[in-house]
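Me: Could you give me a close look at the empty space inside this model, and at what surrounds it? I'd like the cut-offs spelled out as you go.

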Amino acid sequence: MSFSPTEKSADTTIEMTEMTRQSTPSSGEAAPPTPSTSSTENGDKALEALGYTPVFKREFSQWSSFSFAVSISGIYGTLMSTWIYGLQAGGAAAIMWSWIIGGAGAWALAYSIAEIASAYPSSGAMYFTLKFLAPEEQVPFLCWIAGYLNLVGTVAGSASTEYAASQMLLAAVSITSNFSYVPTPSHVVGVMVGLTIIHAMVNTLPTAWLNRLTSGYVVFHMSVLLGACVTLLVQKRHDLQDLKYAFTDFQPSSGWSPPGFAFLFGCLTPAWIMTSCDGTARIAEEAKNPQMVVPRAIANATTFTYVIGFLFNLVLVVCMDDPKDLVNSPSGQPVAQLFFNVMGRAPAIFFTFCGFGVMNLVAIPGIQAGSRTIFALSRDNLLPFSHIWVRISKRSQTPLIAVWIYAVLEIIINLLGLASGTAIGAVFNVCTVALNVSYVIPIICKMVYGRMQKGPWHMGRYSIWVNAVAVAWNVFMAVIFFFPTRVPVTPENMNYAIVVFFFVLFFALGFWYTHGRHHYTGPLTLTPRATDMSVVIPNDV
């Protein structure tokens with residue numbers, strides 16, 4: 001394995017060089033940027049101040065960034081694929097209260113990430129911010145661990161999205177056949193491979209095209225969700241459950257004792273849905289005026305998802321009958337079964353196919369964000385063969401090799417589905433744990449060392465309290481993610497996420513002591529600390 005950058009082919013790459021941050025103008029020098037400064041110039045100056053040379057085109061506006069952030073959470077499709085956690089945890093009441101409480105914890109995490117992203121906007125996202133938040137002597141080690149945990153969590157999350165999309169498509173086929181067709185693991189994996197290749201091909205488009213596509217994601221997404229909710233309520237209008245049922249009916253089926261403990265597993269649903277909130281931070285180098293656009297997109301999209309998710313959960317709960325029947329659905333998709341029970345066969349097929357469509361719109365920006373993670377880590381020489389993954393295509397001005405290696409990693413992970421559903425479930429479960437730990441590390445450094453210089457978007461005096469909630473809740477939920485969701489525990493339902501997580505952690509530690517500490521010094525910028533990050537916000541965002 002080579003860890004040293006080598007020459008890049010002139011016909012496939014753009015030369016990557018380092019630039020030092022511009023010093024604050026003194027008397028006789030050029031004045032600071034004025035409000036007329038373009039948002040592209042503004043973003044590039046901010047990146048140069050961090051010590052990097054801009055290589056991407058800045059195409060993402062406030063709207064497209066918001067659409068990207070909403071779509072990467074995929075509330076409609078992702079809720080369909082994870083709703084079973086709340087059903088098993090206790091039915092209606094567990095679903096509603098776990099969303100309220102667990103969603104609040106995820107909301108605090110998202111706002112903490114948004115605040116830090118405003119101060120240090122780069123494709124390295126939270127991993128990169130440790131260069132400025134941690135003491136200099138701790139930067140290499142912390143960046144190394146956070147970088148590998150973030151990469152593993154990101155790939156596992158994207159792989160689970162591809163897998164869920166294929167499951168949803170086959171669930172629609174199952175409903176079409178009146179449940180005579182039962183999807184098999186080989187069918188799911190086969191569809192997943194095809195979907196992953198298609199989504200990677202979309203990500204070979206130039207940033208301008210990705211921006212245009214992304215701008216429409218949220219419109220389609222919300223149209224589908226609204227249509228499903230209205231159809232459910234109209235079809236069930238004479239037999240709706242009341243609000244008392246929604247918030248008090250508790251029917252645990254997980255087997256845990258005391259039953260109230262099972263409620264915590266319902267919190268896995270909002271954690272799954274809202275845990276990729278930093279995905280928008282990874283396209284900071286493709287966004288206009290990222291110091292404001294990126295944190296606004298993260299904060300607004302998370303709040304929007306939290307509220308819309310609550311309403312969608314409420315509609316599903318008041319329209320359902322026995323939750324245990326949904327848990328045991330032959331399609332393997334409780335929400336799809338609920339659609340079938342309430343709407344009938346044809347509308348259920350339509351809205352399940354729509355869920356499949358939404359999951360595709362989660363997967364496409366997921367690959368975009370994940371490939372930018374590989375690019376950012378390779379730019380800092382953290383990954384093996386970094387000089388390959390960091391290459392930028394002259395045609396699209398995007399990291400095409402990083403896109404395809406990311407897609408290959410997704411497929412490799414999902415091939416575990418052929419061997420064991422338990423094994424692949426463990427990998428998927430480690431997604432949120434690995435990501436949350438990689439987020440919490442810089443937030444803790446911000447709180448403990450007090451080195452962060454605020455960006456233009458910040459929470460003011462509420463920052464420390466929101467940070468504290470984010471850290472406490474997400475560390476707690478990381479532990480809950482290691483528990484099996486059903487008892488008695490058998491080899492088939494055992495949650496091996498703890499095994500996968502510590503394998504990844506020990507691998508990163510071992511790789512650090514055998515290789516990393518000898519060559520890796522942290523993010524490769526020529527400026528040790530960014531001290532002047534004040535940028536005037538243009539009016540065109």
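Reply: Happy to; the biggest cavity comes first, and some other parts of the fold follow. Please keep in mind that this is a predicted model, in which local features need pLDDT of at least 70 and side-chain atom pairs count only at pLDDT 80 or more, while totals for chains, interfaces and linings use all residues. Residues are numbered from 1 along each chain as its sequence is written, and side-chain values use heavy atoms, with hydrogens and water left out.

The protein has 22 helices and zero strands, where helices (H or I, at least four residues) and strands (E, at least two) are DSSP runs numbered from the N terminus. Of its 541 residues, 60% are buried, that is, under 20% relative accessible area, with exposed meaning over 50% and partly exposed in between (1.4 Å probe, protein chains only).

Now to the empty space. Five cavities of 30 Å³ or more are present, and the largest holds about 90 Å³. On a 1 Å grid over the protein atoms alone, a cavity is a set of points where a 1.4 Å probe fits but cannot get out; a pocket is an open set with protein on both sides within 12 Å along at least five of seven lines, and lining residues have an atom within 4 Å of a point. Points are joined across faces, edges and corners, and a volume is the space filled by probe spheres set on them.

Among the residues lining the largest cavity are Ala 69, Ser 73, Met 274, Cys 277 and Thr 305. By class, its lining splits into seven nonpolar, five polar and no charged residues; here Ala, Val, Leu, Ile, Met, Phe, Trp, Tyr, Cys and Pro count as nonpolar, Asp, Glu, Lys and Arg as charged, and the others, Gly among them, as polar. Helix 2 (62-73), helix 12 (268-274) and helix 13 (290-319) each bring at least two lining residues, and helix 13 gives the most, with four.

Helix 12 also links this cavity wall to another part of the fold: the buried residues of helix 11 pack against helix 12, as well as helix 4 (84-90), helix 5 and helix 21 (463-480). Those buried residues of helix 11 (259-266) are Ala 262, Phe 263, Leu 264, Phe 265 and Gly 266. Helix 5 (92-119) is where Glu 115 sits, and Glu 115 counts as buried, at 1% relative accessibility. Leaving aside residues up to four places away in sequence, its contacts (heavy atoms within 4.5 Å) include Lys 446, Trp 457, His 458 and Asn 467.

For the open kind of space, turn to the second largest pocket, which holds about 740 Å³. Its lining has 22 nonpolar, no polar and no charged residues, and Tyr 148, Leu 151, Val 152, Leu 409 and Phe 507 lie nearest the centre. Helix 7, helix 18, helix 20 (421-449) and helix 22 each supply at least two of the lining residues, with helix 22 giving the most, six.

Two of these pocket helices, helix 7 (139-176) and helix 18 (400-414), are also among those covering the buried residues of helix 8. In helix 8, the buried residues include Val 188, Met 192, Leu 195 and His 199. Down the helix axis they fall within an arc of 140°, so they line one face of helix 8, the arc being that of the directions from the axis to the C-beta atoms.
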